[in-house]
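Me: I'd like to go through this one with you, starting with the place where the ligand sits. Can you take my questions one at a time?

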Amino acid sequence: MFKLGPLKKMTDEEKYRYMLILLKGQLSSEQDEIANLSNASAIVMTCVDKLNWAGFYILRGKELVLGPFQGLPACNRIQMGKGVCGTSLANRTTQKIEDVHVFPGHIACDEASRSELVIPIVKNDVPYGVLDLDSPYVGRFTELEEKYLIKFVEVLNKYINWQNIL
Ligand code: SME
């Protein structure tokens with residue numbers, strides 16, 4: 001059973017370190033990719049404050065298709081190169097968007113979303129998808145969140161066999 005207690009007194013950075021420990025615990029104790037990505041999205045939602053959505057889009061052909069997530073129902077498919085997610089994977093760059101209303105082509109799934117952090121998932125030079133975080137606050141994401149969510153994807157890449165879910 002997951003206990004929230006330890007998180008309550010932590011600074012943001014301590015929470016993000018703990019988030020990586022929780023993720024490694026999950027990934028080293030289970031091999032099923034869907035179970036692992038589902039709990040990975042729940043770990044992000046639990047450890048990062050002020051989010052309204054956290055989850056995965058997986059590249060299938062030329063489209064990103066919705067994967068395990070936490071939050072309101074979201075767009076099922078995003079074209080490569082479109083929106084914040086498609087831009088992140090097409091360019092293989094993290095997108096830290098201060099205000100989604102001024103990002104050209106932002107795809108609104110939850111109207112509450114005001115800022116967004118998207119980390120591309122690329123392993124052995126093959127693009128597999130993105131990790132997407134949305135916040136209802138403008139400017140929610142700083143270099144601290146960027147640093148630890150990039151580490152989060154690095155840990156995922158060590159354990160997850162993305163080929164199994166294509
Ligand atoms: N805003 C994203 C779409 C996905 S939702 O935020 C869950 C985008 O522009 O790609």
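Me: Which elements each supply at least two residues of the shell around the ligand?
Reply: Bear in mind that this is a predicted model. Residues such as Trp53 and Tyr57, Val84 and Cys85, and Asp132 and Asp134 are among those surrounding the ligand. The elements with at least two shell residues each are β1 (53-60), α3 (83-91) and β6 (126-135).

Me: And where does the largest share of that shell come from?
Reply: Gly83, Val84 and Cys85 are part of the ligand's surroundings, and α3 covers 83-91. With 3 residues, the largest share comes from α3.

Me: How many residues of each class does the shell have?
Reply: The ligand's neighbours include Ile78 and Ile107, but also His106 and Glu116. Sorted by class, the shell has 3 charged, 2 polar and 7 nonpolar residues.

Me: Which residue puts a polar side-chain atom 2.8 Å from an oxygen atom of the ligand?
Reply: Glu116 has a polar side-chain atom 3.0 Å away, but from a ligand nitrogen. Val84 does lie 2.9 Å from a ligand oxygen, though through a backbone N or O atom. The side chain you're after belongs to Asp134.

Me: How much of the ligand's exposed area does the protein bury?
Reply: On its own, the ligand exposes 300 Å². The space it takes up is the largest cavity. Of that exposed area, the protein buries 99%.

Me: Stepping back, what radius of gyration does the chain have?
Reply: The chain has 4 helices and 6 strands, and its C-alpha trace spans about 40 × 35 × 25 Å along the principal axes. A compact globule of 166 residues would come out near 15 Å, so the chain agrees with that, at 15 Å.

Key: Residues numbered from 1 in each chain as written. Predicted model: local features only at pLDDT ≥ 70, side-chain atom pairs only at ≥ 80, totals over all residues. Heavy atoms only, no water. Near = heavy atom within 4 Å. Polar contact = N/O pair within 3.5 Å; in protein donor to acceptor, adjacent residues only side chain to side chain. Areas by Shrake-Rupley, 256 points an atom, 1.4 Å probe, with all protein chains shown as cover. 1 Å grid on protein atoms, 1.4 Å probe; cavity = no way out; pocket = protein on both sides within 12 Å on 5 of 7 lines; lining within 4 Å. Sits in = over half its atoms within 2 Å of the grid points. Nonpolar A, V, L, I, M, F, W, Y, C, P; charged D, E, K, R; others polar. Rg over C-alpha atoms; globule rule 2.2 N^0.38 Å.
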